[in-house]
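Me: Please take a close look at one part of this model, the aromatic cluster, and describe how its rings are arranged and how buried they are.

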Amino acid sequence: MQKNILILIMFLSLAIFHTAIAQTATDTAKPTETKPAATKVESKPNVVYEDVSALAVAQNPQKYLNKNIRIKGIFDKFSVVGLDYKPAFRSSEDYILFLIRKAEVKGHVIPLAEMKLFITRKEAEKHIDLESGDEIQFTGKVFATALSDPWIDVDSITIVTKSKKHLEKDKEREKLEKEKAEKEKAEKEKAGSTSTDKPKTDESGATDKK
């Protein structure tokens, strides 16, 4: 009796051992599931601009150092003055400078030369239609106060009010574009009429003079 019990225990042990080996082989054969790595999404914070006057920034540039500001002014011209100046370096290869007028001066056009406004050449190309006298609004960040002047990286320019000169140019451009369109239309109509009036020829090349 005791001998039979020992044989039964040995049999059950062998069965459990073989089952465990089979399960291990199955788990090894299964492909390993790789979870995709989590994508880190960095959200760019909204930039808050402080509305200030050009004169306030020009008079106290240190107060606005490293601040994001928004200014309204009268566009004067693009320039290269101040580029490549080492204490507040902006390369002339990548940037161009523009000037606005002194708002406090009436009756004369005087640029606010102490305010250095830099914009990338790529961005400036979007504003080649700017005319002297246009009222603009621009945003940017004061990145230096060299020579006790505000040096500003401008990131956007918006035309608020077009100058009389700008409006006249727009009108002239519209007129030229209209004339060009009418000329092209007349030429197409003439070309179509000419092809219709051509005498027909049969397969032998003889002209049909009906």
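Reply: Phe-75 is a suitable starting point: in this predicted model its relative accessible area is 2%, so the residue counts as buried. Its partner is Phe-78, and the two rings form an edge-to-face pair, with 5.2 Å from centre to centre and 65 degrees between the planes. Phe-78 has a relative accessible area of 30% and is therefore partly exposed, since the buried class ends at 20%.

A second pair is made by Phe-98 and Phe-138. Their ring centres are 5.7 Å apart and their planes stand at 90 degrees, which makes this pair edge-to-face as well. Phe-98 belongs to strand β3 (residues 95-100) and Phe-138 to strand β5 (residues 135-144), so the contact ties together parts that are 40 residues apart in sequence. Both residues of this pair are buried: the relative accessible area is 0% for Phe-98 and 1% for Phe-138.

The two pairs belong together, as Phe-75, Phe-78, Phe-98 and Phe-138 form one aromatic cluster. Across the whole structure, the search finds seven aromatic pairs, among them Phe-75 with Phe-78 and Phe-98 with Phe-138.

The strands of the second pair also include rings that face a charge. Arg-90 places its charged end over the ring of Phe-143, 3.8 Å from the ring centre. The charged end of Arg-90 also sits over the ring of Tyr-95, at 5.7 Å from the centre. By residue number, Tyr-95 falls within strand β3 and Phe-143 within strand β5.

Terms used
Residues numbered from 1 in each chain as written. Predicted model: local features only at pLDDT ≥ 70, side-chain atom pairs only at ≥ 80, totals over all residues. Heavy atoms only, no water. Phe/Tyr/Trp six-rings, centres within 6.5 Å; stacked < 30°, edge-to-face > 60°. Buried < 20%, exposed > 50% of the residue type's maximum accessible area, 1.4 Å probe, protein only. Helix = DSSP H or I, 4+ residues; strand = E, 2+ residues; numbered from the N terminus. Lys NZ or Arg CZ within 6 Å of the ring centre and 35° of its normal.
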